Amino acid sequence: MPVQLLEEAQVPQVLDVIAVRAWCSLALEALGRDRAEIDAINVYPVADGDTGTNLYLTLESAHQAVEAVFTGLEAGPEPAAPALPEVMRAMAHGALIGARGNSGTILAQLLRGMAQVLAADGAGEGDHAAGADADALRLALGRAAEAAREAVAHPVEGTVLTVATAAAAAASEVDGDCRAVVRAAYEGACVALDATPGQLAALSSAGVVDAGGRGLVAVLGALSEAVSGEAAPVRHRGAGGHARVAAVPDGALLECPEDEGAAGPAFEVIYLLEADDEAVARLRTRLDALGDSLVVVGGDGLWNVHVHVDDAGAAVEAGVEAGRPHRIRITHFGLGDVHATHASAPRERAQRAVVAVVPGDGLADLYTEAGATTVPDRPGEPPASGELVDAIRRAHAREVVLLPNDAELRHTAAAAAEQARSEGLRIALIPTRSAVQGIAALAVHEPDRRFDEDVVAMTSAAGATRYGELAVAERQSWTMAGICQAGDVLGLIDGDVAVIGGEVRATARTVLDRMLAAGGELVTLVLGEEVSDEVAAGLEQHVRESYLAVDTVVYRGGRQSALMLIGVE
């Protein structure tokens, strides 16, 4: 969202949905600007130089969730703005599912704590323009600090928890409107941040402030600007803070003193977990015995689990016993982003690799068999740029072809490509808009030819493939083909709704006929788990009988957002 929304005439007197949307954008911008600085001062609990990046990726996921709420309502037949509870829940949920690292996980819980107050009954429900007043904001900041401490197995002072507590305390002591409350919270956080070196030996020895606390100050500064319309003044210049930070070269990392954090567990394990409260309580006890830096955030059946351990397998197994873990991420502190099952010795980089976003397990297997490194695109959980960068790193190649396979991911993929290029890799982003275009590109991929020639061939193959899909309408809406009702089967061609039907087989046939009217040699069908083999067989027969010399290939895509993906080459 453009920051121009913060023109004086639009500055809210309360924390409303416009302010929250602006807060997300400004916080993401601030963390992007300060990411390298925050990474550089990351010495506790592990000096792995990624706190700024983890906070940025967590906030990026929250920002995407908030924008999705606004986009969904603005695109409806009667455009409307969402209510504050809806936006706050989306922000907290987005942070939860995208939380990265110790700092990102705690940030997700801080946002969840605020949402518990601001999304409660009466906090703006049905009246999004009113928003939350100063009293509600004070309570929200207090609940955020409490929730973060509750999520950490062994809270340590001199960290982001201290900064959050100080911010809440400062907010609770000031009179005035929301602008006064958020400014007090920001200034209280700045004072607490400058004091962190005196509370934690690792920070004092390195001569820096706490990295997680520094990130929270950036987020609170963005909140202050969103509510007041004025940029928050930089006040965190305490002794031992920025004096040393300013001398750190870009990309350099400060070493953690040997007596604090240098000999910790070997792995960081993070996963989302679907489980009930009792199972999570047992999981906390078990993981606490396995390692340290344990943070478990979330609730209502969905949790984000973070822990540092030597036995990564045991940490994952504990999650399996508690419920259903997914989006499992294991990082070896000594080697960077690798899976625990990989050999520990550094391996030679391949010359070229393909990284692709895929919308289902079946397609993931297909792409993997073709030699690609895959990134899952789960329904309602699009990958963030950090996940694409991680996949590029896992591919471990000098040259990488990136296939986003979704028009909505073009900016995310571009950001990931730019980040990878800054690390010295040669990246080509082919703007595939569907997984069927990615299949066509992958089919002509030849790693032994010159990079530019390979990219041109793959781009040509993708561009020569028309793409369509079948989806179910979630609500009444205006489309290019007329008004659809909730439950209608929509047939999309090249991204636009072309057919509105009531049944999958008939709608798919109509879409195929329209796509093949311009000619074609090969039809690709990727079936979602709801589509039967009988439907696929009927479509194959229809193509065979109606279009001579046109072949059809069918793949099972598994669980994906679309009922069916269709490609015509």
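**Surface, core and cavities**

The protein chain has an accessible surface of about 23900 Å² (Shrake-Rupley method, 1.4 Å probe), and 50% of that belongs to carbon and sulfur atoms. This is a predicted model, where local features need pLDDT of at least 70, side-chain atom pairs count only at pLDDT 80 or more, and totals for chains, interfaces and linings use all residues. Residues are numbered from 1 along each chain as its sequence is written, and side-chain values use heavy atoms, leaving out hydrogens and water.

Q: What share of the 569 residues of the protein chain counts as buried?
A: Buried means under 20% relative accessible area, with a 1.4 Å probe and protein chains only. Of the 569 residues, the share that passes is 54%.

Q: Which helix gives the largest share of the largest nonpolar core?
A: A nonpolar core joins buried Ala, Val, Leu, Ile, Met, Phe, Trp, Tyr and Cys residues through side-chain atoms within 4.5 Å. The largest one has 89 residues, with Trp 23 and Met 114 among those with the most contacts inside it. Helices are DSSP runs (H or I, at least four residues), numbered from the N terminus. The largest share, 12 residues, comes from helix 1 (residues 17-40).

Q: What is the volume of the largest cavity?
A: A cavity is a set of points on a 1 Å grid over the protein atoms alone where a 1.4 Å probe fits but cannot get out. Volume is the space filled by probe spheres set on the points, which are joined across faces, edges and corners. For the largest cavity, that comes to about 120 Å³.

Note on methods. Buried means under 20% relative accessible area, exposed over 50%, partly exposed in between (1.4 Å probe, protein chains only). Helices (H or I, at least four residues) and strands (E, at least two) are DSSP runs, numbered from the N terminus. On a 1 Å grid over the protein atoms alone, a cavity is a set of points where a 1.4 Å probe fits but cannot get out, and a pocket is an open set with protein on both sides within 12 Å along at least five of seven lines; lining residues have an atom within 4 Å of a point.
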